[in-house]
Amino acid sequence: MDQEMLDTLVKELEKHRFSMGQVEGVPLPGDTCDAWDTIYNFQAREDDVLIATYPKAGTTWAQEILDLILQEGDVEKAMRAPCFMKVPFIDLVPNKIIPSGIDLANAMTSQRLIKTHLPIRLIPPSFWEKNAKVVYVARNAKDCMVSYYFFQKMNKGLPEPGTWDNYFSSFLSGEVPWGSWFDHVIGWWKARDKHQILYIFYEDMIEDPMREIRRMVKFLGKDLSEDVLETIKHHTSFQAMKNNPMTNFSVLPSVVFDQSISAFMRKGTVGDWKNHFTVAQNNVFDEEYEKKMEGQDLTFRMEL
Ligand code: A3P
């Protein structure tokens, strides 16, 4: 990239960094709001597989596993392009460096893997009309919050998160991009039997990746050998994905993702929140959590 392109990009990013809007009360990047009609009217296909997550729940990990399942364990094929190019992110209309997710998806031949962070009530209706399959990955709120804080620090396309103390309150009240963690995980959980939705937990993937890979294989109606399953597990381990330029986002320049601030593949563990939450914050969180999750048959493990 030449200097002129970089300068343009930096200007675009500065603009984006502070531009957030709302769609039906959900905070979303300004450009996403501007393009909302196009996004909402996106045309899904019957054999699409949608990966839906609240940000930082393990989207990229699930993406890589699902892609390898569709490629029947062919690692070379899985490395054909960076993860954000091979799995279009339909709710993002980013800076000039990556084409919009909608354009990428429309240009793609089937079978497509598609990524979204949208809460279920904002999902383009064509996914339901076409009865497309959805893999939803949920991660406990405390680890999501910590991961998102570091991500917002390094991702120049999202608002600067401010201090950890401020971020803690913003996250709890849902005033972060893509809105409330609570609405997200609960909304998708309640819909899991109404559509073809496989609801997976990040903590389960950490605990026993092979078990969760098998669930995904079955959900996609595939039959893969033990050797292929082992290859998938190996290629999608934290360390393998951290070293893989197609999954670690190192192909993006630092004006987009500044990985000197925080690596995209940061820790990949359960319970890192304990290194960041104060005792007082933990009490506030637990009280709020109890209120917001009351009556839900949805439980998360905050440690293993
Ligand atoms: P941390 O910041 O806690 O390390 P997303 O892809 O939804 O943005 O989620 C990113 C989070 O998933 C990061 O969490 C990242 O390290 C973690 N992650 C990515 N690939 C992983 C893998 N193969 N194993 C475990 N965690 C992974």
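Modeller: Buried means under 20% relative accessible area, exposed means over 50%, and partly exposed is in between (1.4 Å probe, protein chains only). Bear in mind that this is a predicted model: local features need pLDDT of at least 70, side-chain atom pairs count only at pLDDT 80 or more, and totals for chains, interfaces and linings use all residues. Residues are numbered from 1 along each chain as its sequence is written, and side-chain values use heavy atoms, with hydrogens and water left out.

Colleague: OK, let's try that out. What is the relative accessible area of Arg211?

Modeller: Arg211 makes a salt bridge (a side-chain nitrogen of Lys or Arg within 4 Å of a carboxyl oxygen of Asp or Glu) with Glu212, at 2.8 Å between the closest N and O atoms. Glu212 counts as buried because its relative accessibility is 2%. Arg211, on the other hand, is partly exposed, because its relative accessible area is 33%.

Colleague: Which residues are linked in the salt-bridge network with Arg211 and Glu212?

Modeller: The structure holds 18 salt bridges. Besides Arg211 and Glu212, the network includes Asp204, Glu207, Asp208, Arg215 and Arg301.

Colleague: And Arg112 with Asp48: how many residues apart in sequence are the parts they tie together?

Modeller: Their side chains meet in a salt bridge, 2.7 Å from N to O. Arg112 is in the loop between helix H7 (101-106) and S4, and Asp48 in the loop between helix H3 (36-40) and S3; helices (H or I, at least four residues) and strands (E, at least two) are DSSP runs, numbered from the N terminus. Both Arg112 and Asp48 are buried. The pair therefore ties together parts whose separation in sequence is 64 residues.

Colleague: Lys142 also has a salt bridge. Is Lys142 buried or exposed?

Modeller: Its partner is Asp286, with the closest N and O atoms 3.0 Å apart. This pair links distant parts of the chain, helix H9 (residues 141-154) for Lys142 and helix H16 (residues 279-293) for Asp286, 144 residues apart. Asp286 is partly exposed, because its relative accessible area is 32%. At 3% relative accessibility, Lys142 counts as buried.

Colleague: On to the four-stranded open sheet. Which strands stand at its edges?

Modeller: The order is S4-S3-S5-S6 with parallel pairing, where two strands pair if DSSP finds at least two bridges between them. Each edge strand has a single partner strand, so one side is left without a neighbour in the sheet; these are S4 (113-116) and S6 (197-201).

Colleague: What angle does helix H4 make with S4?

Modeller: S5 (residues 133-138) and S6 pair in the parallel sense over five bridges, with Val134 opposite Ile197 in S6. Helix H4 (residues 59-70) packs on the sheet and is in contact (heavy atoms within 4.5 Å) with strand S3 (49-53), S4 and S5. Axes are lines fitted to C-alpha atoms, for helices over the stretch in contact, and angles run from 0 to 180 degrees between N-to-C directions. On that basis, the direction of H4 makes with that of S4 an angle of about 170°.

Colleague: Which residue in the S1-S2 turn has a positive phi?

Modeller: S1 (residues 20-23) and S2 (residues 26-29) pair in the antiparallel sense over four bridges, and Val23 has Val26 as its bridge partner. They form a hairpin with two residues between them, and the one in the turn with a phi of about 45° is Glu24.

Colleague: Last one: is Lys86 buried or exposed?

Modeller: Lys86 is in helix H6 (residues 83-86). Beyond its neighbours within four places in sequence, its contacts include Glu64, Asp67, Met108 and Leu113. Because its relative accessible area is 6%, Lys86 is buried.
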